[in-house]
Amino acid sequence: VRPELVIIPKLTNVFAVIVVLFILLRRWLPQEEHEKAQLNALVQEQISELAEINNKLRIEITERKRAEEALRRLNRELRARSNCNRILMQAEDEQELLNEICHVICDEAGYRMTWVGYADDDDAKSVRPVAWGGVEEGYLAEANITWADTERGRGPTGTAVRTGKTACFQDFETDSKAAVWRDKALQRGYRSSIAIALRDESGNTFGVLTIYSTESNAFATTEEIRLLEELAGDLAFGITALRNRIERKRAEESLNHLAAIVESSDDAIIGKSLDGNILSWNKGAERLYGYREEEVKGRSISILIPQELVGELSNFLESIKNGKPIEHYETSRLRKDGSRIEVSVTISPICDSCGKVVGASTIARDITARKQMEEKLRLANAYNRSLIEASLDPLVTIDADGRITDVNAATESVTGCSRSELIGTDFSDYFTVPGDARTSYRQVFREGMVKDYPLELKHRDGLVTPVLYNASVYRDEAGDVVGVFAAARDITERRKAELELQKLNEELEQRVKERTADLNKRSAELTESKGALMNIVEDLNEKTIELEQANSKLQELDRLKSMFIASMSHELRTPLNSVIGFSSVLLNEWVGPINAEQKENLAIILRSGKHLLNLINDVIDVSKIEAGKIESTPEEFDLHDLIFEAVSLVKKELEEKGLVLRVAAAHQQMRTDRRRLLQCVLNLLSNAVKFTEQGGVTVETRIVQVSGEKPEACVAEISVTDTGIGIREEEIGKMFQPFVRLFSPLQSIVPGTGLGLYLTRKLAAEVLKGDIMLTSEYGKGSRLTLRIPVRLP
Amino acid sequence: MKKVLVVEDNKDNMRLITYAFERSGYKVIPAETGEEGVELAIRERPLFIIMDINLPDIDGLEATRRIRASEADDDIPIIAITSFAMYGDRSKILDAGCTAYFEKPIDPLTIVDKIHLLLGLTGNNATVNEEQ
């Protein structure tokens with residue numbers, strides 16, 4: 001730049017103006033017209049000259065300014081490029097790299113917007129924006145740029161991708177190809193744009209760098225374009241280098257990963273050269289063969305191969321050299337300690353990058369345990385097979401089509417065909433009626449089994465064997481039906497026996513028939529009588545049930561009745577005691593003298609009261625016994641004392657009647673219910689006194705040893721004999737029934753409850769566990785004997 | 001005068017027993033409840049006690065136990081009068097401390113003699129010979 005060049009014309013210009021002003025000033029001065037005209041022309045000439053100079057200067061200034069601007073821009077672009085290169089060197093992530101480049105280009109070089117697009121190989125041939133910087137404001141999303149040769153592909157970006165050559169819009173306002181993007185570009189301040197292809201190492205375009213400027217014709221100079229193209233070249237190189245770097249890193253990682261897998265594998269993994277030398281040896285190999293890596297590296301793989309199998313190695317190597325892998329080859333190998341192991345070997349060729357076989361990898365797996373299992377299984381199978389073969393029944397397996405899949409020896413002998421002849425043929429062919437055989441195995445498939453299906457097997461010589469077939473489906477591990485297992489049982493002998501039996505049966509049947517006819521006749525007669533009897537029995541049964549029901553009802557009623565009487569009588573007694581008590585008090589004149597008639601009346605009240613009391617007491621006792629409410633309460637006492645106590649209670653009556661009393665009582669220790677025994681004895685005595693008018697009453701006791709029982713199991717016999725009216729023989733039975741009073745001349749005058757003997761016998765039986773006997777002679781007297789155990793348990 | 005304590009809630013019986021004992025020269029001290037009987041037994045020191053078992057408040061057994069437990073007790077005879085229904089409970093009666101028992105009904109003509117016989121008392125003799 002030369003500033004003086006600018007200043008000098010400016011001074012000239014000032015000078016000219018001064019001259020003009022001078023001339024103009026002169027015009028106002030009084031001068032000649034001519035002079036005026038000349039001067040005017042001169043001034044005009046000068047003015048136009050100056051104008052021309054001025055114009056030239058203006059153009060010059062504009063161009064200089066432009067040059068200056070271009071220079072400044074180039075400077076900025078250079079700075080941007082150097083920044084870009086710095087970024088490219090340091091980049092580790094492609095997206096980050098692209099973002100930064102776009103920002104730097106906008107920030108450093110002062111462009112409006114910069115973006116990077118990748119050319120997609122899709123149907124639309126779209127240019128996919130991957131990074132941008134500057135004022136984008138959604139432009140790229142709406143721009144729909146493609147690299148196809150269409151309207152939207154003919155802009156700089158599309159063109160650059162398609163042709164690989166740099167392309168520009170010098171002015172969005174005027175460029176006809178920019179029409180589709182014009183409004184949106186101008187809105188965002190884009191006036192011009194440039195697109196530069198991004199190429200990989202092989203020179204193929206993979207993307208594009210597009211830059212927008214706010215000025216028109218911003219990308220006009222070759223210098224500038226060259227700089228931007230270099231920048232794009234650096235960017236493409238940077239991207240490719242970054243991708244390679246990442247790819248290498250990934251490959252390394254994956255290699256390490258593979259190495260780790262190999263190392264940790266349970267299988268032995270061995271690398272070897274084509275002449276069989278060991279190159280690598282993993283932990284699995286150490287474990288399997290017992291050698292450490294450093295012991296075997298470089299040595300021949302043949303150290304692992306048993307003497308007799310050495311030939312395998314050359315075969316394997318030959319195959320590998322031809323690129324053929326060996327898969328799951330089962331063989332034996334030697335361990336370091338000399339023991340043999342069973343292994344499954346897979347050998348694969350190792351190729352270099354050009355596909356040439358350079359070595360082999362061996363993967364060996366220990367299958368010793370599996371081999372042993374297989375051997376065991378084989379033995380088990382052989383054993384099972386021998387069982388099947390040993391069976392005397394023909395056994396066959398059939399597939400779903402009815403074809404024989406397996407047979408045993410018995411089948412061979414019954415058909416006369418060998419195993420190999422039988423297998424694969426139709427099962428039903430070996431029977432006299434093939435249709436039946438087919439029906440039978442179809443039934444098995446349908447129902448799962450058949451039992452005792454009768455068929456006839458046919459020998460090739462024509463001999464027929466009757467059999468019963470038992471068959472069922474068998475399944476594979478998944479539970480699907482695989483076929484039918486059928487076992488035939490030869491029933492020739494059985495059938496013979498059956499025929500004989502049948503003959504015998506027929507004979508028997510005939511005889512039975514004859515006998516049956518005979519019997520039927522008699523049976524019919526019997527049936528008739530039986531029917532009649534049955535009717536009677538039925539009637540009886542019905543009646544019995546009715547009676548039983550009635551009986552239990554009655555029993556219940558009877559029990560209720562007894563309970564009612566017992567409790568009611570008890571209530572009656574209390575007032576009755578007062579009646580008796582106060583009659584006695586009055587009768588004995590405790591409260592004052594009474595006359596003879598009053599005395600007689602009171603005596604009747606007293607006697608009636610006592611009678612009623614006796615009656616009530618007896619009723620209570622009877623009711624209690626009948627209701628099952630009475631219990632014996634045993635105590636120890638002397639029988640002699642008890643007899644005398646009872647006697648003392650009737651002494652007064654005896655004396656009044658003038659009867660003679662004789663007592664012969666033994667001293668005998670008893671253990672029984674004293675109170676009840678006293679009651680019984682007293683009853684007997686009272687009875688005797690009541691029915692005896694002359695003579696006397698005798699009381700005797702006797703202890704009787706019961707034969708065959710223990711010594712202490714004695715019975716006390718207490719008998720009361722009177723010389724009273726006696727009882728007719730036929731009436732003796734009635735004596736112990738309740739409320740029975742025999743017709744007698746004394747009946748109307750002798751007081752009695754009619755319960756005395758009944759109650760006495762009840763007490764003797766239920767409480768004292770003994771009994772009572774009556775002997776009597778009518779008109780001469782009676783004897784009642786009580787027999788009770790001396791000791792109650 | 002000889003005193004007899006009669007514990008009896010039935011007025012008719014009380015009257016009857018009173019006739020019987022007064023006739024034999026006893027002064028009858030009546031008690032209608034068990035508690036009253038206990039109180040009078042301690043205070044009046046009768047020659048003996050006639051004790052009904054069925055009483056409205058505490059029963060005769062409890063009254064007997066209380067009398068026996070009191071300091072005033074000098075083994076005074078207690079004769080229980082039992083109803084027919086109580087027959088099975090005689091061991092209870094003796095365990096409670098009664099000297100003897102009679103079953104109802106009471107015969108006014110013989111009751112006093114029976115008790116005299118039982119307790120070994122004769123005529124107007126007031127000494128008590130206990131049954132062992």
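**Local features of chains A and B**

A:Lys125 is placed in the loop of chain A that connects strand E1 (113–119) with strand E2 (127–134). The model is predicted, and the description below covers selected residues of chain A together with the overall make-up of chain B. With a relative accessible area of 35%, A:Lys125 is partly exposed. The phi angle of A:Lys125 is near 50°, a positive value in a residue that is not glycine. Most residues other than glycine have a negative phi.

Strand E2 of chain A, which follows this loop, contains A:Gly133. The relative accessible area of A:Gly133 is 1%, and A:Gly133 is therefore buried, since the limit for a buried residue is under 20%. When residues up to four places away in sequence are not counted, A:Gly133 touches A:Cys102, A:His103, A:Cys106, A:Arg112, A:Met113 and A:Thr114. For one of these residues, A:His103, the C-alpha atom is separated from that of A:Gly133 by 4.6 Å. A:Gly133 and A:His103 are 30 residues apart along the chain.

A negative surface patch is present in chain A, formed by A:Glu92, A:Asp93, A:Glu96 and A:Glu100. Of these residues, A:Asp93 is located in the loop between helix H2 (33–90) and helix H3 (94–109). A:Asp93 counts as partly exposed because its relative accessibility is 36%, a value between the limits of 20% and 50%.

Two further positions in chain A were examined. A:Ser319 belongs to helix H10, which spans residues 311–321. The relative accessibility of A:Ser319 is 18%, so this residue counts as buried. Apart from neighbours within four places in sequence, the contacts of A:Ser319 are with A:Lys324 and A:Ile326. A:Asp429, in turn, is found in the loop that joins helix H13 (419–422) to helix H14 (434–447). A relative accessible area of 44% makes A:Asp429 partly exposed. The C-alpha atom of A:Asp429 is separated by 8.6 Å from that of A:Lys458, a residue 29 positions away along the chain.

Chain B comprises five helices and five strands. Read from the N terminus, its elements follow the order β-α-β-α-β-α-β-α-β-α. The chain has 132 residues, of which 49% are buried. Among contacts in chain B with a sequence separation of 6 or more, 57% are between residues 24 or more positions apart. The area exposed by chain B is about 6400 Å², and 47% of this area is supplied by carbon and sulfur atoms.

Within chain B, B:Arg45 occupies the loop between helix H2 (34–44) and strand E3 (48–52). B:Arg45 is not a glycine, yet its phi is positive, at about 45°. The relative accessible area of B:Arg45 is 45%, and this residue is therefore partly exposed.

Definitions and conventions. Residues numbered from 1 in each chain as written. Chains lettered and ligands numbered in written order. Predicted model: local features only at pLDDT ≥ 70, side-chain atom pairs only at ≥ 80, totals over all residues. Heavy atoms only, no water. Patch = residues over 30% accessible without salt bridge, like charges linked within 9 Å, V, L, I, M, F, W, Y side chains within 5 Å. Areas by Shrake-Rupley, 256 points an atom, 1.4 Å probe, with all protein chains shown as cover. Salt bridge = Lys/Arg side-chain N within 4 Å of Asp/Glu carboxyl O. Lys, Arg positive; Asp, Glu negative; His and termini not counted. Charge placed at Lys NZ, Arg CZ, Asp CG, Glu CD. Helix = DSSP H or I, 4+ residues; strand = E, 2+ residues; numbered from the N terminus. Buried < 20%, exposed > 50% of the residue type's maximum accessible area, 1.4 Å probe, protein only. Contact = heavy atoms within 4.5 Å.
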